[in-house]
Amino acid sequence: MEQIPLLNPYKMGKFDLSHRIVLAPLTRQRSYGNIPQQHAILYYSQRTTKGGFLISEGTVISETGIGYKDIPGIWSKEQVEAWKPIVDAVHEKGGIFFCQLGHMGRISNTDFQPNGRAPISSTDKPVQDYSPPKKLRTDEIPQLITEYRVAARNAIEAGFDGVEIHAAFGHLLEQFMKDSINDREDEYGGSLENRCRLTMEVVEAIVDEVGAGERVGIRLSPFEDFMESGDSNPEGLGLYMAETLNKYNILYCHVIEPRTTSHSHLLLPMRKAFKGTFMVAGGFDREEGNKVVMEGGADMVAYGRLFLANPDLPKRFELDACLNNYDRTTFYSSDPVLGYTDYPFLQSDLN
(Lines give C-alpha, C1' and ligand atoms only; values in the text may rest on other atoms or scores of the structure.)
Protein backbone atom coordinates (compact mmCIF):
# COMPACT_ATOMS: atom_id res chain seq x y z
CA MET A 1 0.00 0.00 0.00
CA GLU A 2 1.31 3.45 -0.93
CA GLN A 3 2.80 5.54 1.86
CA ILE A 4 1.20 8.99 2.11
CA PRO A 5 3.16 10.86 4.79
CA LEU A 6 1.08 13.99 4.23
CA LEU A 7 -1.94 12.10 5.56
CA ASN A 8 -0.28 10.92 8.76
CA PRO A 9 -1.75 12.48 11.93
CA TYR A 10 0.35 15.10 13.69
CA LYS A 11 0.18 16.69 17.11
CA MET A 12 0.98 20.40 16.88
CA GLY A 13 1.10 21.66 20.45
CA LYS A 14 -2.37 21.12 21.87
CA PHE A 15 -3.91 20.50 18.45
CA ASP A 16 -4.48 16.96 17.20
CA LEU A 17 -4.28 17.22 13.42
CA SER A 18 -5.60 14.46 11.19
CA HIS A 19 -3.19 15.27 8.36
CA ARG A 20 -0.32 17.59 7.45
CA ILE A 21 -1.86 19.44 4.49
CA VAL A 22 -2.34 23.10 5.42
CA LEU A 23 -4.43 25.75 3.68
CA ALA A 24 -1.85 28.45 3.04
CA PRO A 25 -2.70 32.12 3.59
CA LEU A 26 -3.97 33.43 0.25
CA THR A 27 -4.90 37.01 -0.58
CA ARG A 28 -8.37 36.87 -2.21
CA GLN A 29 -9.48 40.55 -2.26
CA ARG A 30 -13.13 39.81 -1.65
CA SER A 31 -13.52 41.56 1.72
CA TYR A 32 -15.34 44.64 0.44
CA GLY A 33 -14.32 47.75 2.32
CA ASN A 34 -11.88 45.63 4.36
CA ILE A 35 -14.79 43.81 6.06
CA PRO A 36 -14.89 39.98 5.81
CA GLN A 37 -18.00 38.90 3.88
CA GLN A 38 -20.59 36.15 4.19
CA HIS A 39 -19.29 34.39 1.09
CA ALA A 40 -16.06 33.62 2.98
CA ILE A 41 -18.07 31.25 5.18
CA LEU A 42 -18.53 28.88 2.24
CA TYR A 43 -15.00 29.42 0.91
CA TYR A 44 -13.25 28.41 4.14
CA SER A 45 -15.71 25.69 5.15
CA GLN A 46 -15.30 24.07 1.73
CA ARG A 47 -11.59 23.68 2.49
CA THR A 48 -12.06 22.39 6.04
CA THR A 49 -11.62 18.79 7.12
CA LYS A 50 -11.95 17.43 10.63
CA GLY A 51 -8.55 17.91 12.21
CA GLY A 52 -7.30 20.03 9.31
CA PHE A 53 -5.28 23.22 9.78
CA LEU A 54 -6.17 26.43 7.93
CA ILE A 55 -4.49 29.84 7.87
CA SER A 56 -6.60 32.83 6.88
CA GLU A 57 -5.82 35.18 4.06
CA GLY A 58 -3.54 38.02 5.08
CA THR A 59 -5.46 40.23 7.50
CA VAL A 60 -4.19 43.72 8.21
CA ILE A 61 -3.73 45.03 11.73
CA SER A 62 -4.56 48.69 11.09
CA GLU A 63 -5.68 51.18 8.47
CA THR A 64 -2.05 51.96 7.63
CA GLY A 65 -1.45 48.28 6.83
CA ILE A 66 -3.64 48.21 3.72
CA GLY A 67 -1.86 47.79 0.39
CA TYR A 68 -4.45 46.20 -1.88
CA LYS A 69 -8.16 46.69 -2.44
CA ASP A 70 -10.65 44.68 -0.37
CA ILE A 71 -8.27 42.77 1.88
CA PRO A 72 -9.70 42.04 5.35
CA GLY A 73 -8.72 43.77 8.54
CA ILE A 74 -9.11 42.96 12.21
CA TRP A 75 -8.64 46.30 13.95
CA SER A 76 -12.32 47.21 14.38
CA LYS A 77 -15.28 45.74 16.23
CA GLU A 78 -17.19 45.45 12.94
CA GLN A 79 -14.38 43.34 11.45
CA VAL A 80 -14.21 41.10 14.52
CA GLU A 81 -17.96 40.48 14.33
CA ALA A 82 -17.73 39.75 10.59
CA TRP A 83 -15.03 37.13 11.17
CA LYS A 84 -17.02 35.25 13.82
CA PRO A 85 -19.41 33.29 11.55
CA ILE A 86 -16.51 32.41 9.22
CA VAL A 87 -14.47 31.00 12.10
CA ASP A 88 -17.55 29.23 13.48
CA ALA A 89 -18.10 27.48 10.13
CA VAL A 90 -14.55 26.10 10.18
CA HIS A 91 -14.94 24.93 13.78
CA GLU A 92 -18.28 23.27 13.03
CA LYS A 93 -16.47 21.00 10.57
CA GLY A 94 -13.69 20.26 13.07
CA GLY A 95 -10.97 22.48 11.61
CA ILE A 96 -8.29 24.50 13.39
CA PHE A 97 -8.11 28.08 12.14
CA PHE A 98 -5.34 30.68 12.60
CA CYS A 99 -5.57 34.31 11.49
CA GLN A 100 -2.58 35.68 9.60
CA LEU A 101 -1.79 39.17 10.91
CA GLY A 102 0.16 41.52 8.71
CA HIS A 103 1.03 45.04 7.63
CA MET A 104 2.07 45.79 4.07
CA GLY A 105 4.32 48.73 4.87
CA ARG A 106 5.71 50.34 1.72
CA ILE A 107 3.77 47.94 -0.55
CA SER A 108 0.98 50.49 -0.64
CA ASN A 109 -0.11 53.76 -2.16
CA THR A 110 -1.38 56.98 -0.69
CA ASP A 111 -4.86 56.11 -2.02
CA PHE A 112 -5.09 53.34 0.60
CA GLN A 113 -3.69 55.34 3.48
CA PRO A 114 -5.63 57.38 6.05
CA ASN A 115 -5.99 60.97 4.82
CA GLY A 116 -3.78 60.18 1.81
CA ARG A 117 -0.64 59.99 3.90
CA ALA A 118 2.50 58.17 2.80
CA PRO A 119 2.77 54.45 3.61
CA ILE A 120 5.04 53.62 6.54
CA SER A 121 8.18 51.51 6.39
CA SER A 122 11.64 50.96 7.83
CA THR A 123 12.92 53.27 5.11
CA ASP A 124 11.92 56.11 2.85
CA LYS A 125 13.19 54.19 -0.20
CA PRO A 126 10.25 53.44 -2.51
CA VAL A 127 9.51 50.15 -4.17
CA GLN A 128 8.69 50.30 -7.87
CA ASP A 129 5.08 51.22 -8.73
CA TYR A 130 4.21 52.24 -5.15
CA SER A 131 4.12 55.58 -3.35
CA PRO A 132 7.30 56.74 -1.59
CA PRO A 133 7.08 55.61 2.06
CA LYS A 134 7.65 57.47 5.29
CA LYS A 135 10.44 56.08 7.47
CA LEU A 136 8.99 55.31 10.90
CA ARG A 137 10.60 57.27 13.70
CA THR A 138 11.93 55.27 16.62
CA ASP A 139 9.31 56.78 18.92
CA GLU A 140 6.50 55.65 16.57
CA ILE A 141 7.41 51.97 16.76
CA PRO A 142 5.73 51.24 20.13
CA GLN A 143 2.38 52.27 18.63
CA LEU A 144 2.90 49.81 15.77
CA ILE A 145 3.64 47.01 18.24
CA THR A 146 0.47 47.92 20.14
CA GLU A 147 -1.50 47.57 16.91
CA TYR A 148 -0.17 44.04 16.45
CA ARG A 149 -1.06 43.26 20.06
CA VAL A 150 -4.62 44.54 19.69
CA ALA A 151 -5.08 42.68 16.40
CA ALA A 152 -4.02 39.42 18.07
CA ARG A 153 -6.48 40.05 20.90
CA ASN A 154 -9.21 40.74 18.34
CA ALA A 155 -8.43 37.53 16.45
CA ILE A 156 -8.91 35.47 19.60
CA GLU A 157 -12.12 37.37 20.33
CA ALA A 158 -13.33 36.47 16.83
CA GLY A 159 -12.80 32.81 17.72
CA PHE A 160 -9.58 32.03 15.89
CA ASP A 161 -7.47 29.32 17.53
CA GLY A 162 -4.34 31.41 17.12
CA VAL A 163 -2.48 33.85 14.91
CA GLU A 164 0.28 33.71 12.35
CA ILE A 165 2.58 36.75 12.20
CA HIS A 166 3.26 37.68 8.57
CA ALA A 167 6.97 38.49 8.36
CA ALA A 168 7.51 37.47 4.74
CA PHE A 169 7.16 38.53 1.09
CA GLY A 170 8.50 42.04 1.49
CA HIS A 171 5.82 43.17 3.94
CA LEU A 172 6.54 45.56 6.81
CA LEU A 173 8.35 43.27 9.23
CA GLU A 174 10.53 41.95 6.43
CA GLN A 175 11.23 45.54 5.39
CA PHE A 176 12.95 45.84 8.74
CA MET A 177 14.71 42.45 8.56
CA LYS A 178 16.23 42.62 5.08
CA ASP A 179 19.42 44.64 4.62
CA SER A 180 18.57 45.62 1.03
CA ILE A 181 15.72 47.72 2.43
CA ASN A 182 16.59 48.67 6.00
CA ASP A 183 18.91 51.68 6.00
CA ARG A 184 18.23 52.78 9.56
CA GLU A 185 20.86 54.02 11.99
CA ASP A 186 18.87 53.50 15.22
CA GLU A 187 18.44 50.32 17.28
CA TYR A 188 16.22 48.87 14.52
CA GLY A 189 18.88 49.03 11.82
CA GLY A 190 22.41 47.98 11.02
CA SER A 191 23.26 44.64 12.62
CA LEU A 192 21.26 41.46 12.03
CA GLU A 193 20.05 41.54 15.62
CA ASN A 194 18.86 45.14 15.26
CA ARG A 195 17.07 44.48 11.97
CA CYS A 196 15.20 41.55 13.51
CA ARG A 197 14.41 43.47 16.70
CA LEU A 198 10.99 44.72 15.62
CA THR A 199 9.81 41.27 14.59
CA MET A 200 10.94 39.83 17.92
CA GLU A 201 9.21 42.62 19.82
CA VAL A 202 6.01 41.91 17.89
CA VAL A 203 6.32 38.19 18.67
CA GLU A 204 6.90 38.94 22.34
CA ALA A 205 3.92 41.31 22.52
CA ILE A 206 1.57 38.86 20.82
CA VAL A 207 2.71 35.90 22.93
CA ASP A 208 2.13 38.04 25.99
CA GLU A 209 -1.30 39.18 24.75
CA VAL A 210 -2.86 35.87 23.72
CA GLY A 211 -1.49 34.04 26.71
CA ALA A 212 0.48 31.17 25.22
CA GLY A 213 3.18 30.55 22.66
CA GLU A 214 1.02 27.66 21.46
CA ARG A 215 -1.34 30.17 19.88
CA VAL A 216 1.33 31.89 17.79
CA GLY A 217 3.08 31.02 14.54
CA ILE A 218 5.19 33.07 12.13
CA ARG A 219 5.76 33.11 8.39
CA LEU A 220 9.22 33.91 7.02
CA SER A 221 10.79 34.13 3.55
CA PRO A 222 14.50 34.81 4.05
CA PHE A 223 15.41 33.49 0.59
CA GLU A 224 12.79 35.44 -1.37
CA ASP A 225 13.33 38.78 -3.12
CA PHE A 226 9.67 39.68 -3.45
CA MET A 227 9.01 43.41 -3.81
CA GLU A 228 12.74 44.21 -3.88
CA SER A 229 13.32 42.59 -0.49
CA GLY A 230 16.54 40.65 -0.88
CA ASP A 231 19.14 40.11 1.83
CA SER A 232 22.91 39.78 1.46
CA ASN A 233 23.00 36.76 3.81
CA PRO A 234 19.63 34.97 3.70
CA GLU A 235 21.08 31.83 5.29
CA GLY A 236 22.30 33.82 8.27
CA LEU A 237 19.00 35.68 8.57
CA GLY A 238 16.94 32.48 8.46
CA LEU A 239 19.10 30.68 11.01
CA TYR A 240 19.14 33.66 13.38
CA MET A 241 15.35 33.92 13.26
CA ALA A 242 14.86 30.17 13.83
CA GLU A 243 17.22 30.13 16.81
CA THR A 244 15.95 33.34 18.40
CA LEU A 245 12.27 32.46 18.04
CA ASN A 246 12.84 29.48 20.33
CA LYS A 247 13.06 31.93 23.22
CA TYR A 248 9.34 32.67 22.82
CA ASN A 249 8.25 29.03 22.56
CA ILE A 250 5.98 29.77 19.59
CA LEU A 251 3.97 26.98 18.04
CA TYR A 252 5.33 26.90 14.51
CA CYS A 253 7.64 28.47 11.97
CA HIS A 254 6.26 28.62 8.42
CA VAL A 255 8.97 29.18 5.82
CA ILE A 256 8.77 29.79 2.09
CA GLU A 257 10.85 27.25 0.20
CA PRO A 258 13.42 28.80 -2.17
CA ARG A 259 11.92 28.71 -5.64
CA THR A 260 14.67 26.58 -7.16
CA THR A 261 14.78 23.02 -5.88
CA SER A 262 18.57 23.03 -5.99
CA HIS A 263 18.44 25.36 -2.99
CA SER A 264 15.96 23.33 -0.90
CA HIS A 265 18.79 22.25 1.40
CA LEU A 266 19.03 25.86 2.62
CA LEU A 267 16.02 25.33 4.88
CA LEU A 268 17.57 22.39 6.73
CA PRO A 269 19.61 24.51 9.19
CA MET A 270 16.42 26.39 10.09
CA ARG A 271 14.54 23.13 10.44
CA LYS A 272 17.18 21.74 12.79
CA ALA A 273 17.45 24.94 14.83
CA PHE A 274 13.75 25.57 15.43
CA LYS A 275 12.27 23.54 18.28
CA GLY A 276 8.58 23.81 17.37
CA THR A 277 6.60 22.64 14.35
CA PHE A 278 8.30 23.43 11.05
CA MET A 279 6.04 24.12 8.09
CA VAL A 280 7.09 24.75 4.50
CA ALA A 281 5.34 26.25 1.46
CA GLY A 282 6.34 27.09 -2.06
CA GLY A 283 4.73 25.27 -4.97
CA PHE A 284 4.85 21.73 -3.58
CA ASP A 285 2.81 19.03 -5.32
CA ARG A 286 1.68 15.72 -3.81
CA GLU A 287 4.93 13.89 -4.48
CA GLU A 288 7.18 16.71 -3.28
CA GLY A 289 5.08 17.23 -0.16
CA ASN A 290 5.22 13.56 0.74
CA LYS A 291 8.96 13.55 0.15
CA VAL A 292 9.76 16.55 2.36
CA VAL A 293 7.71 15.10 5.24
CA MET A 294 9.07 11.58 4.83
CA GLU A 295 12.67 12.82 4.77
CA GLY A 296 12.17 15.01 7.84
CA GLY A 297 12.51 18.34 6.05
CA ALA A 298 9.20 19.55 7.48
CA ASP A 299 6.36 18.49 9.73
CA MET A 300 3.64 20.08 7.60
CA VAL A 301 3.23 21.49 4.08
CA ALA A 302 1.11 24.52 3.21
CA TYR A 303 -0.64 24.50 -0.18
CA GLY A 304 -1.90 27.63 -1.88
CA ARG A 305 -2.94 27.45 -5.51
CA LEU A 306 -3.67 23.70 -5.41
CA PHE A 307 -5.89 24.10 -2.33
CA LEU A 308 -7.62 27.11 -3.88
CA ALA A 309 -8.57 25.08 -6.97
CA ASN A 310 -9.22 21.83 -5.09
CA PRO A 311 -11.28 22.43 -1.94
CA ASP A 312 -11.09 18.69 -1.21
CA LEU A 313 -7.30 18.54 -1.68
CA PRO A 314 -6.61 16.08 1.19
CA LYS A 315 -9.14 13.62 -0.30
CA ARG A 316 -7.65 14.02 -3.78
CA PHE A 317 -4.16 13.39 -2.39
CA GLU A 318 -5.43 10.32 -0.55
CA LEU A 319 -6.92 8.88 -3.74
CA ASP A 320 -4.17 10.26 -6.00
CA ALA A 321 -7.04 11.74 -8.00
CA CYS A 322 -6.78 14.27 -10.81
CA LEU A 323 -6.60 17.89 -9.71
CA ASN A 324 -8.60 20.85 -10.97
CA ASN A 325 -6.49 23.43 -12.74
CA TYR A 326 -6.40 26.84 -11.09
CA ASP A 327 -7.34 29.96 -13.02
CA ARG A 328 -4.88 32.78 -12.38
CA THR A 329 -7.20 35.37 -13.93
CA THR A 330 -9.66 34.98 -11.03
CA PHE A 331 -7.16 34.95 -8.14
CA TYR A 332 -7.75 38.60 -7.27
CA SER A 333 -11.13 39.34 -8.78
CA SER A 334 -13.92 40.70 -6.58
CA ASP A 335 -16.45 38.06 -7.63
CA PRO A 336 -17.89 36.22 -4.61
CA VAL A 337 -18.27 32.96 -6.56
CA LEU A 338 -16.10 32.85 -9.69
CA GLY A 339 -12.67 31.44 -8.90
CA TYR A 340 -13.64 31.38 -5.24
CA THR A 341 -16.36 28.90 -4.27
CA ASP A 342 -17.09 27.35 -7.68
CA TYR A 343 -14.19 24.90 -8.01
CA PRO A 344 -15.71 21.38 -8.16
CA PHE A 345 -15.30 18.63 -5.61
CA LEU A 346 -14.76 15.00 -6.54
CA GLN A 347 -18.11 13.47 -7.48
CA SER A 348 -17.88 11.03 -4.58
CA ASP A 349 -17.31 13.90 -2.14
CA LEU A 350 -20.11 16.26 -3.07
CA ASN A 351 -21.80 15.96 0.31
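1. E209 forms a salt bridge with R149, and the closest N and O atoms are 3.1 Å apart. This pair links distant parts of the chain. E209 sits in helix α6 (residues 197-210) and R149 in helix α3 (residues 141-157), 60 residues apart. Keep in mind that this is a predicted model.

2. How exposed are the two partners? E209 is partly exposed, because its relative accessible area is 23% and the range for that class begins at 20%. R149 is also partly exposed, at 24% relative accessibility.

3. E209 has a salt bridge with R153 as well. Here the closest N and O atoms are 2.8 Å apart. E209 lies in helix α6 and R153 in helix α3, so this pair ties together parts that are 56 residues apart in sequence. R153 counts as partly exposed, with 41% relative accessibility.

4. How many salt bridges does a search of the whole structure find? The search finds 19. Side chains of opposite charge can pair when their charged atoms come close. One of the bridges joins R137 and D139, with the closest N and O atoms 2.9 Å apart. R137 counts as partly exposed at 46% relative accessibility. D139 counts as exposed because its relative accessibility is 55%, and the cut-off for exposed is over 50%.

5. Some charged residues form a network. K77, E81, K84 and E157 are linked in this way by salt bridges. For a check on screen, display the four side chains together.

6. Now to a polar residue: is Q100 buried or exposed? Q100 is buried, because its relative accessible area is 2% and buried means under 20%. Q100 has its place in strand β6 (residues 96-102). The side chain of Q100 makes a polar contact of 2.9 Å with the side chain of E164.

7. What else does Q100 touch, leaving aside residues up to four places away in sequence? The list runs P25, I55, S56, E57, G58, T59, E164, H166 and R219. E164 is thus on the contact list and is also the polar partner of Q100.

8. Next, strand β11 (residues 252-256). Five of its five residues are buried, so strand β11 is largely enclosed by the rest of the structure. Y252, H254 and I256 point one way from β11. C253 and V255 point the other way. Both sets are buried.

9. Which strands pair with β11? Strand β10 (residues 216-220) is joined to β11 by four bridges, and the two run parallel. I218 has C253 of β11 as its bridge partner. From β10 the chain crosses through helix α7 (residues 234-245) to β11. This β-α-β crossover is right-handed.

10. Strand β12 (residues 277-281) also pairs with β11, through five bridges. These two strands run parallel too. The bridge partner of Y252 in β12 is T277. Y252 is itself one of the buried residues of β11.

11. Two points to take away. E209 bridges to R149 and to R153, with E209 in helix α6 and both arginines in helix α3. Strand β11 has parallel bridges to β10 and to β12, and is largely enclosed because five of its five residues are buried.

Notes
Residues numbered from 1 in each chain as written. Predicted model: local features only at pLDDT ≥ 70, side-chain atom pairs only at ≥ 80, totals over all residues. Heavy atoms only, no water. Salt bridge = Lys/Arg side-chain N within 4 Å of Asp/Glu carboxyl O. Buried < 20%, exposed > 50% of the residue type's maximum accessible area, 1.4 Å probe, protein only. Polar contact = N/O pair within 3.5 Å; in protein donor to acceptor, adjacent residues only side chain to side chain. Contact = heavy atoms within 4.5 Å. Pairing = 2+ DSSP bridges. Right-handed = clockwise from strand over helix to strand, strands pointing away.
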